[in-house]
Amino acid sequence: MAIFLKANWENIIMVNYEIDPKVLLPFLPKGLELELYNGKTYISLVGFMFKNTKLFSIPIPKLGTFEEINLRFYVIRKEENQTKRGVVFINETIPYKIVAWMANVLYKEHYTVVPTKHTIIKKEKSQKVTFEWRVNQKWNSIYVENEIRAQQMQQNSLEKFIYEHYYGYTKINENKTEEYRLHHPSWKIHHVTNYQISCDFEAMYGEAFSCLNHTKPAAVFIAEGSSVAIDWERTKLKLDYERS
């Protein structure tokens with residue numbers, strides 16, 4: 001299987017909100033179901049560093065390291081006796097037009113381009129991580145303080161539910177869905193000691209998500225990250241209407 005993209009994802013912050021599933025249904029690709037954790041639906045504001053990016057094993061000079069901010073929710077795809085756990089992105093934000101253009105043209109993704117920046121201050125036992133992005137001349141931000149010591153995620157925990165999805169799904173249109181595979185090991189996480197979120201969800205993601213402007217996160221996590229690979233091949237789902 002050819003690898004389309006390979007990169008290191010580092011300091012992966014997940015700001016997780018409980019959300020009414022009705023908000024997500026218009027964005028749900030055909031053939032999928034919302035995945036719940038303990039009967040609740042979650043959406044995550046994500047910030048992380050994309051480093052040493054390679055396309056088909058070829059480094060991207062000067063553009064291979066950047067911040068990404070995205071908003072995603074969680075789905076399952078039932079296929080015969082298999083249940084695939086995946087994510088759907090509302091939007092992915094990066095600072096480089098050419099990288100976003102490639103993702104949007106090749107894969108019909110939902111990338112947008114805005115100015116971004118980050119600050120990482122690491123000490124012996126703790127670190128402070130900030131990701132910032134500018135929308136409508138206003139800087140939004142995710143800020144986390146965490147312990148340096150890392151630990152494995154506990155089985156059946158919310159953090160394991162949030163982080164461990166190895167499929168991505170793209171809504172091409174109302175009747176077409178594509179699936180792709182991600183490869184990475186199970187990540188270790190750091191204990192978060194403090195956080196601050198400043199995000200205009202309505203300006204960034206549309207009126208449907210304005211409710212998050214007044215919602216307190218249910219949980220905030222940060223993972224170490226690792227090398228991540230994304231397959232080139234995308235599977236067009238064989239949906240019921242196509243077989244009838």
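## Helix 2

K97 and W101 are exposed residues (over 50% relative accessible area, 1.4 Å probe, protein chains only). They sit on the face of helix 2 that is turned away from its buried side. This is a predicted model: local features need pLDDT of at least 70, side-chain atom pairs count only at pLDDT 80 or more, and totals for chains, interfaces and linings use all residues. Residues are numbered from 1 along each chain as its sequence is written, and side-chain values use heavy atoms, with hydrogens and water left out.

Helix 2 spans residues 97-107. Its buried residues (under 20% relative accessible area) are V99, A100, A103 and Y107. These cover an arc of only 100° around the axis, so they lie on the same side of helix 2. The arc is that of the directions from the helix axis to the C-beta atoms. The cover over the buried residues of helix 2 includes strand 1 (3-18), strand 5 (66-79) and strand 6 (82-94). It also includes strand 7 (111-113), strand 11 (167-173) and strand 14 (219-231). Just after helix 2, K108 takes a positive phi of about 55°.

## The whole chain

The protein chain has five helices and 15 strands. Both are DSSP runs, numbered from the N terminus: helices are H or I with at least four residues, strands are E with at least two. A compact globule of 244 residues would have a radius of gyration near 18 Å; the protein chain has 17 Å, which agrees. That radius is taken over C-alpha atoms, and the globule rule is 2.2 Å times the number of residues to the power 0.38. Along the principal axes, the C-alpha atoms fill a box of roughly 60 × 45 × 40 Å.

Buried residues make up 50% of the 244 residues. Contact means heavy atoms within 4.5 Å. Among contacts between residues at least 6 apart in sequence, 69% join residues at least 24 apart. The accessible surface comes to about 12600 Å² (Shrake-Rupley method, 1.4 Å probe). Carbon and sulfur atoms account for 49% of that surface.

## The loop between strands 12 and 13

Strand 12 (176-183) and strand 13 (188-198) are joined by a loop that holds S186. H184 lies in this loop too. How accessible is each of them? H184 counts as buried, at 13% relative accessibility. S186 counts as partly exposed (between the 20% and 50% limits), at 35%.

Leaving aside neighbours within four places in sequence, H184 is in contact with Y163, Y166, S226, S227 and V228. On the same terms, S186 touches M153, K160, E164 and Y166. Y166 is thus a contact of both H184 and S186. S186 and S226 are 40 residues apart along the chain, and their C-alpha atoms are separated by 8.9 Å.

## Positive phi at N52 and Q137

N52 has a phi near 55°, a positive value in a residue other than glycine. Its place is in strand 3 (residues 42-55). N52 is exposed, with a relative accessible area of 51%.

Q137 is also a residue other than glycine with a positive phi, near 65°. Q137 lies in the loop between strand 9 (126-135) and strand 10 (138-152). At 68% relative accessibility, Q137 counts as exposed.
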